[in-house]
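Hello,

I am passing a structure on to you, and I thought a short tour might help you settle in. Please have a look at it first, then read on.

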Amino acid sequence: TKFGEGDIRNILPRYTEEARVANKVLLDLLHAFAEKRNATSAQIALAWVLAQKPWIVPIPGTTKLHRLTENNGAASIELTAAELQEIENASVQIAITGSRYTEAMEKSTGL
């Protein structure tokens with residue numbers, strides 16, 4: 001995978017080639033759920049966020065109309081308690097590789 005010139009993912013540690021290969025396990029988990037539900041991985045990820053708390057709202061970004069339509073489809077997916085638990089049980093065993101931000105960016109968050 002190559003990101004376009006100026007794409008911020010070019011400098012983020014979580015998007016290095018090594019991190020992308022290591023973190024593919026999480027994508028595979030989402031893909032497996034998506035296949036079961038006849039949905040996309042993005043829809044399952046968004047449905048999971050929507051299921052967390054009623055005041056948590058995902059804000060996915062896109063520049064493509066077909067992705068907006070896909071994202072909107074997540075609102076009609078209600079994951080069962082068993083599915084949520086299965087995702088939780090599987091995901092806690094996955095160690096995510098790479099920091100979310102560069103060290104300088106992290107310092108600017110104030111956390």
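Below are my notes, starting with the whole chain and ending with its aromatic rings.

Please keep in mind that this is a predicted model. The chain has 111 residues, and 21% of them count as buried. Its secondary structure comes to 5 helices and 0 strands, so to speak in order: α-α-α-α-α along the sequence. Taken along the principal axes, the C-alpha atoms fill a box of roughly 40 × 35 × 30 Å.

How much of the contacts with a separation of 6 or more comes from residues 24 or more positions apart? Such residues account for 67% of them.

On the outside, the chain exposes about 8,200 Å², with carbon and sulfur atoms supplying 56% of that area. As for charge, there are 12 positive and 13 negative charges, and their mean positions are 3 Å apart.

Now to the rings. The structure holds 1 aromatic pair. Phe 3 and Tyr 15 form this pair, which is edge-to-face, with 5.9 Å from centre to centre and 85 degrees between the planes. Both residues sit in the segment before α1 (17-37), 12 residues apart. Is each partner buried or exposed? Phe 3 counts as buried because its relative accessibility is 17%, under the 20% cut-off. Tyr 15, at 34%, counts as partly exposed.

One more ring is worth a look: Lys 36 lies over the face of Phe 33, at 4.6 Å from the ring centre.

Enjoy exploring, and best wishes!

Conventions. Residues are numbered from 1 along each chain as its sequence is written. This is a predicted model: local features need pLDDT of at least 70, side-chain atom pairs count only at pLDDT 80 or more; totals for chains, interfaces and linings use all residues. Side-chain values use heavy atoms; hydrogens and water are left out. Rings of Phe, Tyr and Trp (its six-membered ring) pair if their centres lie within 6.5 Å; planes under 30 degrees apart count as stacked, over 60 as edge-to-face and the rest as tilted. Helices (H or I, at least four residues) and strands (E, at least two) are DSSP runs, numbered from the N terminus. Buried means under 20% relative accessible area, exposed over 50%, partly exposed in between (1.4 Å probe, protein chains only). A charge sits over a ring if NZ of Lys or CZ of Arg is within 6 Å of the ring centre and within 35 degrees of the ring normal. Contact means heavy atoms within 4.5 Å. Accessible areas come from the Shrake-Rupley method with a 1.4 Å probe; for residues, only the protein chains shown count as cover. Lys and Arg count as positive and Asp and Glu as negative; His and the chain ends are not counted. The place of a charge is taken as NZ of Lys, CZ of Arg, CG of Asp or CD of Glu.
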